[in-house]
Amino acid sequence: MPVVTLALALIIFGAGAVAGGLGALLGIGGGVFLVPFLNLGLHFPIAAAAAISLTTVIATSSSVSAGRSGEQLINLRLGMVLEVATAAGALLGGVTAQMLAQSTVQLLFGMVTAAVAVVMMGRLGRRNVILDPSIDPGLLGGRYHEEESGGMVTYRVKRLPIALVASFIAGNLSSLLGIGGGVIKVPALNAWCGVPLRAAAATSAFMIGVTATAGAVIYYGHGQLVPPLAAAAVLGVQLGSWSGMRLSARASARWLKLLMAFVLLIVSLLMLARGTR
């Protein structure tokens, strides 16, 4: 396990701020950035990196959910339906993580992030909003005010079974890799289930706190969480999340998708290179 020093805590605080900003901006929790940094940059064991990351995912979820509570972006009905599948996957992933080699987990991380990046690039020119606010959104759909569209927009949820399967996989990878699951849920909801990117990101941010808690408990029970370093990361995430939410309100959906795809490709290459050594 890493030795706790003031310098290390400050470095992790800064990394947490960056991860929190990007996580809040894209709704994917920040763990997809923090885990590679801790594992590749600071040489933390993958399990220790995942444990710290999951605690920051919980913090990001709390910050974003509170910040988005009055904007109608969080789809509570859809989130609670999908959370059942996500929590089941998270419990399985936390157990699986104790049985896999570090290189296997790194390769899995790299392949998942590369696949998600490709999906996001294919969705650059497509949006899921219905500009007529009087349209019935259905049982699990919703409506919200969007500055980019200049008023209220509506969306309907499609292919719910795909969303449930993606949520189970996201929960499993969340605990296994320490990434919160949003890296799977946001692209799946946006690409195949008819949910606009902003609503998918806000709903995912609401869900990932519950998902991460299920996995973090298992890592803590195995003594793989370093509380002082986790606390430094959480404080950084709180600062970064606030900045990310402010930027998200002004950014276009196309720009957000490009940013997500670019960052995921970089992370994928780094983790694949490390896993094949």
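**Ile184 and its contacts**

I looked up Ile184 in this predicted model and set aside its neighbours within four places in sequence, which left Val112, Val116, Ala166, Ala170 and Leu173 among the residues in contact with Ile184. I then checked where Ile184 stands in the nonpolar interior, and found it listed with Phe44, Ile52, Leu189 and Leu229 as the residues with the most contacts inside the largest nonpolar core, a set of 72 residues. I noted next that helix α8, residues 197-221, supplies the largest share of this core, with nine residues. As background I wrote down that nonpolar side chains tend to be buried together in soluble globular proteins.

**Helix α7**

I asked myself how many residues of helix α7 are buried. The count I noted is 10 of the 11 in residues 182-192, so the helix is largely enclosed by the rest of the structure. Going through the buried residues by name, I listed Gly182, Val183, Ile184, Lys185, Val186, Pro187, Ala188, Leu189, Asn190 and Ala191, and I marked Ile184 and Leu189 again, since both had already come up among the residues with the most contacts in the core. Following the chain past α7, I came to Gly194, where phi is positive, near 80°.

**The nonpolar surface patch**

I turned to the surface and recorded a nonpolar patch of about 330 Å², made by Leu92, Val165, Phe168 and Ile169. I then asked which helix gives the most to this patch, and the entry reads α6, residues 160-177, with three residues. Leu92, for its part, lies in helix α4, which covers residues 76-96, and I entered this residue as partly exposed because its relative accessibility is 43%, a value that falls between the limits of 20% and 50%.

**Positive phi outside glycine**

I kept a separate entry for backbone angles, with the reminder that most residues other than glycine have a negative phi. His43 has a positive phi, near 60°, and I located this residue in the loop between α2 (31-41) and α3 (46-68). Is His43 buried or exposed? I wrote down exposed, because its relative accessibility is 57% and the class begins over 50%.

Arg159 also went into this entry, with a positive phi near 50°, and I placed it in the loop between strand β2 (151-155) and helix α6. At 49% relative accessibility I had to enter Arg159 as partly exposed, because exposed requires a value over 50%.

How values were computed. Residues numbered from 1 in each chain as written. Predicted model: local features only at pLDDT ≥ 70, side-chain atom pairs only at ≥ 80, totals over all residues. Heavy atoms only, no water. Buried < 20%, exposed > 50% of the residue type's maximum accessible area, 1.4 Å probe, protein only. Helix = DSSP H or I, 4+ residues; strand = E, 2+ residues; numbered from the N terminus. Patch = residues over 30% accessible without salt bridge, like charges linked within 9 Å, V, L, I, M, F, W, Y side chains within 5 Å. Areas by Shrake-Rupley, 256 points an atom, 1.4 Å probe, with all protein chains shown as cover. Salt bridge = Lys/Arg side-chain N within 4 Å of Asp/Glu carboxyl O. Core = buried A, V, L, I, M, F, W, Y, C linked by side-chain atoms within 4.5 Å. Contact = heavy atoms within 4.5 Å.
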